[in-house]
Amino acid sequence: MQKNNDGFGPSSADIHRNASVEYFTASHAHYSSMVTLAMGLSMAVILFGIVVLIAAFLEDEYRRLLSGLLAVRAVTAIGFILGACALYLRCANGSGRSVLPGLLANGLAWLLLLLGAATLVHGAMYAVGWLPVDAGHPLSPLVIPPLLSVGFLLMAIVLLLQDWRLPGGYYPSEYLSFALMGLSAIPLVGYIYGVSQFIYLDFYVPVPLLSALVFALLGAALLMARPSHPLMAVITRVAPGGQMLRHLLPQTLFLLLAFSLLLNWGLTHGWIQPDLLLPTLTLINGVIVLFIFWGSASRLDSEYGERTRNAQKLAETSALLNAVSESTSDPIFVKNRQGLMIFANPATLHKLGKTWEETMYRSSRELFMVPEEAETIDRDDRRVMASGKPEKLEQTLHLPEGVVTFQTAKVPWFGKDGSVQGVIGISTDITERKQAEDELRQRESQLEKTVIQRTALLRELTNHLETVREEEKRAIARELHDNMGASLTALSMHLEGVYQILPPDEKWIDRKTRMQGLMKSLVATTRRIQTELRPNTLDLFGLKAAISEQLDELHERTGIACHASLPDEDVEVGHEMEIAIYRMLQEMLNNVTKHAKAGKVDVILDIDEDHVALTVRDDGVGIPEERRDNHKTYGLRGLRERATFFGGQVDIRSTPGKGALITISLPIRPELAGAEV
């Protein structure tokens, strides 16, 4: 792998190397099609030989119909079958991956070699007169034209030496295959131009037309069986030379043959003088060759210009991409399907602390310090390639400069055929941002702890204030009971004595009545204030009695029908919670009196081992939603604060015009169950 001028990123040589990979892939497709075609020709020759052998045993009327096939002797058909079978096995076995097909192909080639040698010897013996030219002779079926025997020998040698290479890199089998095709061209030209010397070749038996065609096909199949060999590679490559040869060779041969036939036809009919045939043929062939090669050169020049422009655009694009990748501070990298690094910009190399040579074609385990992090990276890459969809990942890696956190965008790298070739990644160093986020989260956690601590302190302070307030209320209630109550009682007794000495005048009687009413009202008000401040019933008889008394007082004061559902057993939740429940019930009943416009109130007290629940239900106008969620509504907020202090919660449900349902659920904690104010 070479470097560019700055020492980073792929150079132009790397770009050409990648282009060479694509070129090799395209050439490989041509190679596969060539081998497949060679196998198809082999099968066609095998079928032809089988048909010839079958035709040799048919009756006379069928033999006349197949006279063209019968011109091919059975021994020739056997040679074709042997050679075609060996060639098919060579193609199917490739470059010798399996042993058995190679051994079978070699065995068939040796049999073909023996057959060619035997027929050549017998043909020579008949040619020199050592054996009589007699169709009834036992060895007459082995007599075939020497050209066919030489063809079998050449074909057998090609099959045996097909993968043998000379030190210079040349394969003799290719040249022998061309020689086989050249030999088969001799009788073909004889048949085309009617030249008997090319058909008989000084032998008394002619070379059959079908035999010559089959040898030409077998020679071509032998070349196509190994398309990667040098001579065939020129034709099969996608390079300009191979394209030009594939384009020029068929049309050149066709035009030369067509004009040669035309001249021969003109010579036969007397339109062309024999002494002008050679100059005319030379002139026409020269014009054809000049025309074809001139047009090919023009086409090649046009393609070369287009390739030059494309290469220039590619170079400009590559330079632009290199400039972008080298100037950015974000690491950019590309990996192939095997997870090997094939591109890394300078930022990537800097983060890895490695050079270009130390990074290219290295796996993640070779590049990163912690194996677990490398395995995570490879797993993410495989997932992106398998899904074919981009992903954004956050990765924390141990690098030479320390622990670094990246936000990486990985996208699959698609080839021209749409298949996934690898993964492309762009990373951004977010270490400082992550540190700031961690610090912010830490501060938020500390702030949350502080808020919790302060909230607990505020709750404790609120509880202390409530306790102090309850103590003050109890002290005031005691003072009212002990002092105010005693004073009112003494005043009432003194007034009774005063009433007796008042004259029986109507105006004094009226004043007596008003004074007695005022005294009763004052006593009732004192008792009500005393009860609201600190109900003696709660202290003396417990929560159930205090709730019943409060409902009775509400019914007597407002006329609202009150119903209480209380547990049968005594409620023991601790004096502090009893006071809280009593005050919350007091607040809810005050809300019903002020806002509900209710005619009926149900109070339900439910208690189990863990919780105590107080529910107040009325049939009034309901609580509007905005008032339920309004934290400035002091009554409801007070309920929530009291319930929250005890670890409970308040559930408010209301439908406009259909009343309201408020449920307070408080957990019974052991430390509260025995607490005293």
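Buried means under 20% relative accessible area, exposed over 50%, and partly exposed in between (1.4 Å probe, protein chains only). The model is predicted: local features need pLDDT of at least 70, side-chain atom pairs count only at pLDDT 80 or more, and totals for chains, interfaces and linings use all residues. Residues are numbered from 1 along each chain as its sequence is written, and side-chain values use heavy atoms, with hydrogens and water left out.

**Exercise 1.** Locate Leu 166 and classify its exposure.

Step 1. Leu 166 sits in the loop between α6 (146-160) and α7 (172-193). Helices (H or I, at least four residues) and strands (E, at least two) are DSSP runs, numbered from the N terminus.

Step 2. The relative accessible area of Leu 166 is 32%, so Leu 166 is partly exposed.

**Exercise 2.** Describe the open sheet of 5 strands and find its edges.

Step 1. The order is β6-β7-β8-β10-β9, with mixed pairing. Two strands pair if DSSP finds at least two bridges between them.

Step 2. β6 (561-565) and β9 (649-654) each have a single partner strand, so one side of each is left without a neighbour in the sheet.

Step 3. From one strand to the next, the twist averages 10°. Axes are lines fitted to C-alpha atoms, for helices over the stretch in contact; angles run from 0 to 180 degrees between N-to-C directions.

**Exercise 3.** Characterise the pairing of β9 with β10.

Step 1. β9 and β10 (residues 660-667) pair in the antiparallel sense over 6 bridges.

Step 2. Ser 654 has Ala 660 in β10 as its bridge partner.
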